[in-house]
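Take a look at the chain below. This briefing walks through selected features, grouped by topic.

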Amino acid sequence: QVQLVESGGGSVKSGGSLRLSCTVSGRAVVASDMGWFRQAPGKERSFVAQITWRGTPRDYEDSVKGRFTISRNKTENTLYLQMNDLKPEDTAMYYCAAAGTAYVQRERRMPDQYAYWGQGTQVTVSS
């Protein structure tokens with residue numbers, strides 16, 4: 001059974017940091033590309049970052065480059081998003097996602113390229 005469970009969200013002031021975690025279970029996802037997305041109220045879900053099944057960060061949305069870092073611990077089956085220098089515009093529900101295709105690496109910036117999703121964790125940044 002596939003499960004993705006996020007944690008680590010919270011409320012911080014502008015310039016602060018948070019580290020999101022996503023614990024993954026299920027053979028279909030532990031060896032697949034993964035990503036982080038976010039969705040602010042009234043907006044569509046949007047791409048934040050992607051990491052390959054091998055553990056290599058592949059892509060970041062332009063506004064988070066240099067501030068966010070995606071990583072994964074394959075031994076612990078955990079995906080991370082380290083977020084530094086947070087800004088009010090980063091406020092959103094953050095979701096981890098898994099492509100679900102093992103050992104296949106490709107660019108994945110669209111939500112429909114991911115088969116499995118977590119329930120989300122809220123990040124709120126105040127000015």
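Ser21 sits in strand β3. Helices (H or I, at least four residues) and strands (E, at least two) are DSSP runs, numbered from the N terminus. This is a predicted model: local features need pLDDT of at least 70, side-chain atom pairs count only at pLDDT 80 or more, and totals for chains, interfaces and linings use all residues. Residues are numbered from 1 along each chain as its sequence is written, and side-chain values use heavy atoms, with hydrogens and water left out.

**Two residues of strand β3**

- Ser21 has a relative accessible area of 14%, so it is buried. Buried means under 20% relative accessible area, exposed means over 50%, and partly exposed lies in between (1.4 Å probe, protein chains only).
- Leaving out residues up to four places away in sequence, Ser21 touches Val5, Glu6, Ser7, Trp36, Thr78, Leu79 and Tyr80. A contact means heavy atoms within 4.5 Å.
- Arg19 is also found in strand β3. Its relative accessible area is 46%, so Arg19 is partly exposed.
- With the same sequence neighbours left out, Arg19 touches Ser7, Gly8, Tyr80, Leu81 and Gln82.
- Arg19 and Leu81 are 62 residues apart along the chain, yet 5.6 Å separates their C-alpha atoms.

**The disulfide**

- The count comes to 1 disulfide, taken as a pair of cysteine sulfur atoms within 2.5 Å.
- Cys22 and Cys96 form this bond, with their sulfur atoms 2.0 Å apart.
- Cys22 belongs to strand β3 (residues 18-25) and Cys96 to strand β9 (residues 92-102), so the pair ties together parts that are 74 residues apart in sequence.
- The torsion about the S-S bond of Cys22 and Cys96 is about 55 degrees, so the disulfide is right-handed.
- Is Cys22 buried or exposed? Cys22 is buried, because its relative accessibility is 0%. Cys96 is buried as well, with a relative accessible area of 0%.

**The four-stranded sheet**

- An open sheet is built from 4 strands in the order β1-β3-β8-β7, with antiparallel pairing. Two strands pair if DSSP finds at least two bridges between them.
- Strands β1 (3-7) and β7 (68-73) stand at the edges. Each has a single partner strand, so one side of each is left without a neighbour in the sheet.
- On average, neighbouring strands of this sheet are turned by 15 degrees against each other, direction ignored. Axes are lines fitted to C-alpha atoms, for helices over the stretch in contact, and angles run from 0 to 180 degrees between N-to-C directions.

**Edge strand β1**

- Strands β1 and β3 run antiparallel and are joined by 5 bridges.
- Gln3 stands opposite Ser25 in β3. Leu4 has Val24 of β3 as its bridge partner.
- In a regular strand the side chains alternate between the two faces of the sheet.
- Along β1, Leu4 and Glu6 point to one face and are buried. Gln3, Val5 and Ser7 point to the other face and are not buried.

**Edge strand β7**

- Strands β7 and β8 run antiparallel and are joined by 6 bridges. The bridge partner of Phe68 in β8 is Met83.
- Side chains alternate along β7 too: Phe68, Ile70 and Arg72 point to one face and are buried. Thr69, Ser71 and Asn73 point to the other face and are not buried.
- The two strands β7 and β8 form a hairpin with 4 residues between them. Asn77 in this turn has a positive phi of about 55 degrees.

**The hairpin of β5 and β6**

- Strand β5 (residues 46-51) and strand β6 (residues 57-60) pair in the antiparallel sense over 3 bridges.
- Ile51 has Pro57 in β6 as its bridge partner.
- This hairpin has 5 residues between the strands, and Gly55 takes a positive phi near 100 degrees.
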